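Thanks for coming. I'll keep this short and talk through a few helices, one after another.

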Amino acid sequence: MRQGYRVIDADTHVTPSVEVLVDYGDRELKDRADELTPYVRVTKPTAGRGHPTQPYGVVRVNPQPYNRVAGHKPDTDVDTRGAGAKGALEGRVQNLAVKPIADGIQHTNSEGRLANMDVEGVDINFIIPGTWAPGSTALDLSLAKAMYRSYHRYMADYCSADPRRLKGLLLAPGADPGWAADTIREHAGEEWLAAVWPVLPEGLPVDDPDLEPIWQAMDEADLPIMHHSFFYEAPYFPGYRDIWGNVAVARTAAHVWGAQRLMAYVLVSGMLDRYPNLRVATVETGHGWLPHWIIRLTSQIDYVKGAVPADLKHTPLEYVQMGRVFCAIEQHEGPEMTKAVIDILGDGVLMYESDFPHPECYYPNSTDNVISWGPVIGEEALRKLMADNAARYLRLLSVPWDGGPGEDGRPGEDGRHSNGR
């Protein structure tokens, strides 16, 4: 808790390294670890960013470099593409954190994470893996699934330090919906699990009918869809070949375009009609775009006939108003933009995020920065933004705050969870 506000951070990260994934892997992953070797980039850690003190490996399948300086010709003498190449942000971003972050928390040091959370007054971290997760869609499917099994085992262990405060997601490959559905059901009752990331290969729409087993399993378990765009690895973002090579422009566009596309098809395909417990959120995509996109999409499906199912029950705007759509803020968009989104879409949509412990977070000032927006956005909206909306979005089987039956995150006498579902 911070300044009297409960805090759920809807976008925090672990990497983890290839070494950690193999260590948590089953026999198949350990036996096939050499197949990952061509994709491994050994990274020298930067102190204070939550990495080990020694070099570690990360999977880079085929990152796009985006290395053209604006106003210049591209550098054709240097080819930085291919397996194991460096990521587009490597060595190119400033660290916005004011104080160092505990060593190893992006890998195995969950106790250090909890200590950092205490400094900022964060009650719950929702944890998302690094770029290897979407990038793995370009690997052999059976190898990728072995990596996902390892990650789920790792996440259960990592969150066991305090599963009321550390929550994670399950990776559900769109390339094998049956396996994904079985995996969701296998882990559905685990305390750490709060959402599902549908990992879609390039070219597979989120509303493809073949994916229905995934949504069915998620609906049964009350687990929501989480979308986090990564801009330089497979499956890439819409228009990634046409961005003219500049990394700043690419990152400006990538997260928003990816979120807009996925959100649109979830809202206009009838998915939310068929699965009443399904909810969708985008994180690390910013939030100022959302009202414009929802209003324009609502207009276009009315103007352009025959583009959506005839039995679609609600408009995109109505799904938002029903509490089925959530979006995490980015702090650089500020209180005025945030108030504008709330004024148009209501105060039940936006969620607090910091991107902890990545360099874009303002640790240890992230929570205080957003709480200071209270005079602009209002007390009730701020309370919902800091925790209440995320508690409605995430499937929380336990929470760290105390209370009576049904208020500790476990079902009360009416069978409802503390997040109101």
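What follows is a walk through one enclosed helix, two helix pairs and one serine.

Before anything else: this is a predicted model.

Let me start with helix α7, residues 212-221. Of its 10 residues, 7 are buried, so the helix is largely enclosed by the rest of the structure. The buried ones are Glu212, Ile214, Trp215, Ala217, Met218, Asp219 and Ala221. You will see that Glu212 and Asp219 are on that list along with Trp215 and Met218.

What do the buried residues of α7 pack against? There are strands, β5 (166-173), β6 (193-199) and β7 (225-228), and there are helices, α6 (177-187) and α9 (271-274). Just past the end of α7 comes Asp222, which has a positive phi of about 65°.

Next, the helix pairs. Take α8, residues 247-268, and α10, residues 289-303. Their axes come within 11 Å and cross at roughly 40°. That angle makes α8 oblique to α10, because roughly parallel would need an angle under 35 degrees. The crossing is right-handed.

Which residues make the contact between these two? From α8 they are Val256, Ala259, Gln260, Ala264, Leu267 and Val268; from α10 they are Trp289, Trp293, Ile294, Leu297 and Ile301. By type, that is 10 nonpolar residues, 1 polar and no charged. The polar one is Gln260, on the α8 side.

If you look at the spacing in those lists, here is the usual background. An α-helix has 3.6 residues a turn, so residues three or four places apart point the same way.

Now stay with α10 and turn to its other partner here, helix α12, residues 334-345. These two pack at an angle of about 30°, with their axes 8 Å apart. They are therefore roughly parallel to each other. On α10 the contact uses Leu290, Pro291 and Ile295, and on α12 it uses Val341, Ile344 and Leu345. This contact has 6 nonpolar residues, with no polar and no charged.

Last, a single residue: Ser150, in helix α5, residues 141-159. Is Ser150 buried or exposed? Its relative accessibility is 0%, so Ser150 counts as buried. Leaving aside residues up to four places away in sequence, Ser150 touches Leu21, Tyr24, Gly25 and Leu29. For a sense of distance, Pro276 is 126 residues from Ser150 along the chain, and their C-alpha atoms are separated by 31 Å.

That's everything I have. Questions are welcome.

Methods
Residues are numbered from 1 along each chain as its sequence is written. This is a predicted model: local features need pLDDT of at least 70, side-chain atom pairs count only at pLDDT 80 or more; totals for chains, interfaces and linings use all residues. Side-chain values use heavy atoms; hydrogens and water are left out. Buried means under 20% relative accessible area, exposed over 50%, partly exposed in between (1.4 Å probe, protein chains only). Helices (H or I, at least four residues) and strands (E, at least two) are DSSP runs, numbered from the N terminus. Contact means heavy atoms within 4.5 Å. Axes are lines fitted to C-alpha atoms, for helices over the stretch in contact, and angles run from 0 to 180 degrees between N-to-C directions. Angles under 35 degrees count as roughly parallel, over 145 as roughly antiparallel, 65 to 115 as roughly perpendicular and the rest as oblique. A crossing is left-handed if the near helix is turned anticlockwise from the far one by less than a right angle, and right-handed if clockwise.
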